[in-house]
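Q: Could you take a close look at the aromatic side chains in this model and walk me through how their rings are arranged?

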Amino acid sequence: MKLFFLTIFGISFGLLEAIVVVYIRRVIPEDAWRYIHSIQAISNLLTKHNILFIEQTREASTIIILLTLAILVGTRLKERIAYFLWVFGVWDIFYYIFLYIWLKWPKSLLELDILFLIPCPWVAPVILPIGCSFLFLWTSLLLLKH
């Protein structure tokens, strides 16, 4: 029953995070995103629009929320780790699903994305975080089973 409600939370949180990205893409002109070819260019773009620190703070808050939820739901360390991995995996997968629904992005799993901004921008193909998220879900189930 806990995994059901954590899944609902993860889907909802993925929706919320995707909404933030939709707003950011509406604030920053679309043509500005076309010239993102380096980590420095990402930092420059977000700094130019005065949102780099805000986005880093939002990302830190996201991880704190997920950790807090796992601590509250789990009773032992192993459970807490499993619940964190579960909700993180669900959240991240649905984040990309909702981005595709609203922005028709990513067009391919090989398209580059900004994964995190802490402590600096991390860039990788979308397939990497999705693959990690499925690994998190599988690991979570293994931890909860034993």
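A: Happy to. In this predicted model, one aromatic cluster is formed by Phe9, Phe13, Phe84, Phe88, Trp91 and Phe136. Counting ring pairs by a centre-to-centre cut-off of 6.5 Å, you get eleven aromatic pairs. Take Phe88 and Trp91 from the cluster: their ring centres are 4.7 Å apart and their planes meet at 80 degrees, so this pair is edge-to-face, since the cut-off for that class is over 60 degrees. Both residues belong to helix H5, which covers residues 77-103, and they are three residues apart, about one turn of the helix. Phe88 and Trp91 are also both buried.

Now compare that with another pair, Phe116 and Trp122. These two rings are edge-to-face as well, with 5.4 Å from centre to centre and 70 degrees between the planes. Their surroundings can be read from the accessible area, where partly exposed runs from 20% to 50%. Phe116 has a relative accessible area of 22%, so Phe116 is partly exposed. Trp122 comes out at 43%, and therefore Trp122 counts as partly exposed too.

Aromatic rings here also have charged neighbours. The ring of Trp105 has the charged end of Arg25 sitting over it, 4.8 Å from the ring centre. Likewise, the charged end of Lys104 sits over the ring of Tyr100, at 5.5 Å from the centre of that ring.

Definitions and conventions: Residues are numbered from 1 along each chain as its sequence is written. Side-chain values use heavy atoms; hydrogens and water are left out. Rings of Phe, Tyr and Trp (its six-membered ring) pair if their centres lie within 6.5 Å; planes under 30 degrees apart count as stacked, over 60 as edge-to-face and the rest as tilted. Helices (H or I, at least four residues) and strands (E, at least two) are DSSP runs, numbered from the N terminus. Buried means under 20% relative accessible area, exposed over 50%, partly exposed in between (1.4 Å probe, protein chains only). A charge sits over a ring if NZ of Lys or CZ of Arg is within 6 Å of the ring centre and within 35 degrees of the ring normal.
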